[in-house]
Each structure stands twice: as C-alpha cells, then as structure tokens.
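Hi,

Here is the structure I promised to send over. Have a look at it first, and then read on for what turned up.

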Amino acid sequence: ETPSPAVSSFVAEEVHSSSPAVTDNDSSSKDFNVVLYVDEKGIVLPDSSAGILEESGAYDGFNRIGSGVAQVGSDALSVRIERKFFRFDYHRIREIRLREGVAVVYLKGDSRGNIFIAENVLFARVLDESFSRYSQKG
C-alpha cells in the first residue's frame, strides 16, 4: 500500500505494522486518541496562534489524514492510523505550537503544519513536556 504524496511528504518516517496500538487516555498515559490533519495551504502559520482552529470552517483548508492513536515518547511523537505508523522524530521538528488538546508540529525544511487534535486536553501538555526534556538534552 503506497501513501499519497501529500501524506508521505509530511511524515518524518513511515513504518508499516500490523500490531495494534494500546490506548488509555487517563492523565498518566502517553497514548492519546487524535485526528491528524496537514495544513497544505499554510493557513496556520508558525508565528501565529493556533486559534484559527476554533473558527468555523477552518478545517476546510486542511487535508485530513485520519484518526488514530498518538504516542508521546522520549524522542519522538508516533501516530498509528489504521495500518500505517508515522513517526515524528524530535530532532526533525522545528517548532510545536500548542493549545489545549491541539498541537501543530512543523518539521525542519517544511512550511506545512501537521495538526493533531486530541480528545484528551492533556495531550498538548504531555507533548510539550516530552519535547522540552528532549531539547534540553541536546
């Protein structure tokens, strides 16, 4: 199964796997149910607020990749959507813009934002803490 160019171009690394992802959205978990969009048109700019996501019809300009489980790790954000597994290595991330339950991830060398909308509002905080710890190591 070959991903579309729009999908494969925004992803740090794609790994095919058939093992199921475990999800538990309590406050101690690092697994979160998310919907992933790609901002192909640059609607949400890195230097602007992610508040555009709250406006009516804002999602019309985004490419919806799908819903799945995101796992916040010590060196990467991983997302499983159906049978596809996407990995956003922290060393390839230029910037992350955060709001409650929403993260917009910008990769180095790419102006498009990868928008993660989580059911659990703690997602953004857990991602921010993990990315900050990783960044302080380097």
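**A hairpin, a helix and some aromatic rings**

In the hairpin of β4 and β5, 2 residues sit between the strands, and E82 takes a positive phi near 55°. Please keep in mind as you read that this is a predicted model. The two strands of the hairpin, β4 (residues 76–81) and β5, run antiparallel and are joined by 6 bridges. If you want a spot to start from, V79 stands opposite F86 in β5.

Strand β5 also brings us to the aromatic rings. The count comes to 6 aromatic pairs. One of them is formed by F88 and F116, which meet edge-to-face, at 5.4 Å centre to centre and with 80° between the planes. F88 belongs to strand β5 (residues 84–89) and F116 to strand β8 (residues 113–118), so this pair ties together parts that are 28 residues apart in sequence. Both F88 and F116 are buried.

The rings of Y90 and Y134 make another pair: their centres are 5.5 Å apart and their planes stand at 65°, so this pair is edge-to-face. Y90 lies in the loop between β5 and β6 (93–99), while Y134 is in helix α2 (residues 123–137), so the parts tied together here are 44 residues apart in sequence. How exposed or buried are these two tyrosines? Y90 is buried, with a relative accessible area of 2%, whereas Y134 is partly exposed, with a relative accessible area of 25%.

There is also a cluster to look for: F32, F88, F116 and F123 form one aromatic cluster. F123 leads us on to α2, as F123 is among the buried residues of that helix.

Does the length of α2 come out short or as expected? With 15 residues at 1.5 Å a residue, α2 should span 21 Å, and its end C-alpha atoms are 22 Å apart, which agrees.

Which residues of α2 are buried? They are F123, A124, V126, L127, S130 and F131. These residues cover an arc of only 165° around the axis, which puts them on the same side of α2. That buried side has many partners to browse: the buried residues of α2 pack against β2 (31–39), β3 (63–72), β4, β6, β7 (102–107) and β8. Among these partners, β4 is the strand that 6 bridges join to β5, and β8 is the strand that holds F116.

Enjoy exploring it, and do write back with any thoughts.

Best wishes

Definitions and conventions:
Residues numbered from 1 in each chain as written. Predicted model: local features only at pLDDT ≥ 70, side-chain atom pairs only at ≥ 80, totals over all residues. Heavy atoms only, no water. Phe/Tyr/Trp six-rings, centres within 6.5 Å; stacked < 30°, edge-to-face > 60°. Helix = DSSP H or I, 4+ residues; strand = E, 2+ residues; numbered from the N terminus. Buried < 20%, exposed > 50% of the residue type's maximum accessible area, 1.4 Å probe, protein only. Pairing = 2+ DSSP bridges. Expected span 1.5 Å × (residues − 1). Arc of directions from axis to C-beta. Contact = heavy atoms within 4.5 Å.
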